[in-house]
Amino acid sequence: MPGAEGCIDARALAQAVELRLGRAAFVAPTRGDVAIEARIERVQSPEAWHATITVFDPPDSTRTAAVSINSDGAVAGFYTDSQTNIHGFVRTPDGAITTFDAPRSTSTQAAGINARGRIVGQYYDQNINTHGFVRSASGKIRRFDPPGSAFTTPESIDSGTDSG
């Protein structure tokens, strides 16, 4: 929420979380090994804020990057498994985690999730070409590349209507 970043010292919060975990947690997504979802919202009083911090990892994860959260609290991201393969994931507000890979992918990385649960991201094929994808809330994945593109890397998705 706008303005929420000033309600608590970010460094103090990071230090408290890391102390509780007993290890570093707040690092660049490419170096992280745990995902941390944080929601800050105003409660009853205009001066009061409530923060919820959730630590999670997909099954078999050795590194996790939660990269996008929508207004319902669904989180999209990617993780590296014990075999060093990279997969996409979505975590629902109730905590259920679904992992996914784009068809013929050697590496799938989610980059954004909208209010309808559609996820956008990129994946690499066996020839190390990069393609964009959109994953519907029901799990259907569609590849997309602009004409002539050799390197498609979508970063976000709007919150417009879901057309299928």
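**Exercises on two aromatic pairs**

Phe100 is buried, and Phe133 is buried too. Both belong to a predicted model, which holds two aromatic pairs.

**Exercise 1.** Classify the pair formed by Phe100 and Phe133, and state which strands it joins.

*Solution.* Step 1: the ring centres are 6.0 Å apart and the planes stand at 75 degrees. Step 2: a plane angle over 60 degrees counts as edge-to-face, and the pair of Phe100 and Phe133 is edge-to-face. Step 3: Phe100 sits in strand β6 and Phe133 in strand β9 (residues 130–135), so the pair ties together parts 33 residues apart in sequence. Step 4: Arg135 lies over the face of Phe100, 4.8 Å from the ring centre.

**Exercise 2.** Do the same for Phe56 and Phe89, and state whether they are buried or exposed.

*Solution.* Step 1: the centres lie 5.8 Å apart with the planes at 80 degrees, so the pair of Phe56 and Phe89 is edge-to-face. Step 2: Phe56 is in strand β2 (residues 49–56) and Phe89 in strand β5, 33 residues apart. Step 3: Phe56 and Phe89 are both buried. Step 4: Arg91 lies over the face of Phe56, at 4.9 Å from the ring centre.

**Exercise 3.** Describe how strand β5 pairs with strand β6.

*Solution.* Step 1: β5 (residues 86–91) and β6 (residues 97–100) run antiparallel and are joined by four bridges. Step 2: Phe89 stands opposite Thr99 in β6. Step 3: five residues separate the strands of this hairpin, where Gly95 has a positive phi near 100 degrees.

**Exercise 4.** Place Phe100 and Phe133 in the largest nonpolar core.

*Solution.* Step 1: this core has eleven residues, including Phe100 and Phe133. Step 2: β7 (107–113) and β8 (119–124) each supply at least two residues of the core.

Technical notes
Residues numbered from 1 in each chain as written. Predicted model: local features only at pLDDT ≥ 70, side-chain atom pairs only at ≥ 80, totals over all residues. Heavy atoms only, no water. Core = buried A, V, L, I, M, F, W, Y, C linked by side-chain atoms within 4.5 Å. Buried < 20%, exposed > 50% of the residue type's maximum accessible area, 1.4 Å probe, protein only. Pairing = 2+ DSSP bridges. Phe/Tyr/Trp six-rings, centres within 6.5 Å; stacked < 30°, edge-to-face > 60°. Lys NZ or Arg CZ within 6 Å of the ring centre and 35° of its normal.
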